[in-house]
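Colleague: I am new to this structure and would like a close look at a single part of it. Could you take one strand, explain what pairs with it and what surrounds it, and define your terms as you go?

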Amino acid sequence: MMKLGIILDMDGVLYRGEEPIKGAREAVGFLKGRGIPFVLLTNNSTKTPGSYREKLLRMGIEVSEERIVTSGLATRLYMEEHFKPGKVFVIGGEGLLEEMKCLGWGVVDVEGAKKGGWRDVEYVVVGLDPDLTYEKLKYGTLAVRKGARFIGTNPDTTYPAEEGLYPGAGAIIAALKASTGAEPLIIGKPNEPAYDVAREKLDGVEEIWMVGDRLDTDIAFAKRFGMKAVMVLTGVSSLEDVEGSGIRPDLVLTGIGELPGYIEAELGEEG
């Protein structure tokens, strides 16, 4: 029988803000019960994998920290492997800040930047920042224009929450692009660094299904790396978006609750 692995996006797939999406707990329970390897891969860098585990637990969804990959974690792992140590300036949430501190290269905060520390910054790392200030953009701009490497965690211009769509990391990255003229290295979906981390955690699987809510990140990611593209309609993209896009999912579900049935049918046919 085919060895199947699943990558699940989180925002807009398992929950919106603090509200779980119908069927999410059951779908994750199904994967665990059937012994189907899975990874939760989110482009949201505001929390660490440990914090996301706690958030999911509050919704009745139990997932080990090792199964959770954030764009912040993927950014740290990429920087460790590809770059030499240097001071980092972070525009992002607590999760991204914690990952950058784990590098051990030294983080310059706004207060340090005000004292001239921005001149020593070698990497400006930008993610979703709920506490974004003009000061952060100012010192990020100064550092990049002086020659610091510009790294973005993910390209999502919005993310789905209880009230609707909020500005995402991509909107903040766009501001810095406009003020510097520099092109950032983007780590998260739909790009290779995020795929490499998730694929390593699904070692041994023969086919991967990517389940997500965004055409431009999740579904494009699946298509780029030969995964089955499963889109749910509980997040950002709609059926109208699919019709107007060149990016086509292989399967569209109203929500994550429908996933177990399709997996059962697929594995049943294989058997």
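Modeller: In strand 13, glutamate 207 is the bridge partner of leucine 4, and this belongs to a set of 5 bridges that join strand 1 to strand 13 (residues 207-212), the two strands running parallel. Two strands are said to pair if DSSP finds at least two bridges between them, and the strands (E, at least two residues) and helices (H or I, at least four) are DSSP runs, numbered from the N terminus. Before going further, please note that this is a predicted model, in which local features need pLDDT of at least 70 and side-chain atom pairs count only at pLDDT 80 or more, whereas totals for chains, interfaces and linings use all residues. Residues are numbered from 1 along each chain as its sequence is written, and side-chain values use heavy atoms, with hydrogens and water left out.

Strand 1 (4-8) also has a partner in strand 4 (38-42), to which 3 bridges join it in the parallel sense, and here leucine 8 stands opposite leucine 40. How many of the residues of strand 1 are buried? Strand 1 is mostly covered, with 5 of its 5 residues buried, where buried means under 20% relative accessible area, exposed means over 50%, and partly exposed lies in between (1.4 Å probe, protein chains only). In a regular strand the side chains alternate between the two faces of the sheet. In strand 1 both faces are covered, with Leu4, Ile6 and Leu8 buried on one side and Gly5 and Ile7 buried on the other.

The wider setting is an open sheet of 6 strands with parallel pairing, in the order 5-4-1-13-14-15. Strand 5 and strand 15 (251-253) stand at its edges, and each has a single partner strand, so one side of each is left without a neighbour in the sheet. From one strand to the next the twist averages 25°, an angle that, like the others here, runs from 0 to 180 degrees between N-to-C directions, with axes being lines fitted to C-alpha atoms, for helices over the stretch in contact. Strand 13 and strand 14 (residues 228-232) pair in the parallel sense over 4 bridges, and the bridge partner of glycine 212 in strand 14 is methionine 231.

Two helices can be placed against this sheet. Helix 9 lies across strand 4, strand 13 and strand 14, running at about 160° to strand 14. The buried residues of helix 8 (residues 192-201), which are Pro193, Ala194, Tyr195, Val197 and Ala198, pack against strand 1, strand 4, strand 5 (68-70), helix 3 and helix 9 (215-224), contact meaning heavy atoms within 4.5 Å. In the loop between strand 12 and helix 8 one finds proline 190, and the peptide bond leading to proline 190 from lysine 189 is cis, with omega near 10°.

Finally, Ile7 of strand 1 leads to the interior, as Ile7 is among the members of the largest nonpolar core, of 34 residues, that touch the most other members, a group that also includes Met79, Val88 and Met227. A nonpolar core is a set of buried Ala, Val, Leu, Ile, Met, Phe, Trp, Tyr and Cys residues joined through side-chain atoms within 4.5 Å. Apart from this core lies another, of 33 residues, among them Ile36, Met59, Trp209 and Leu259.
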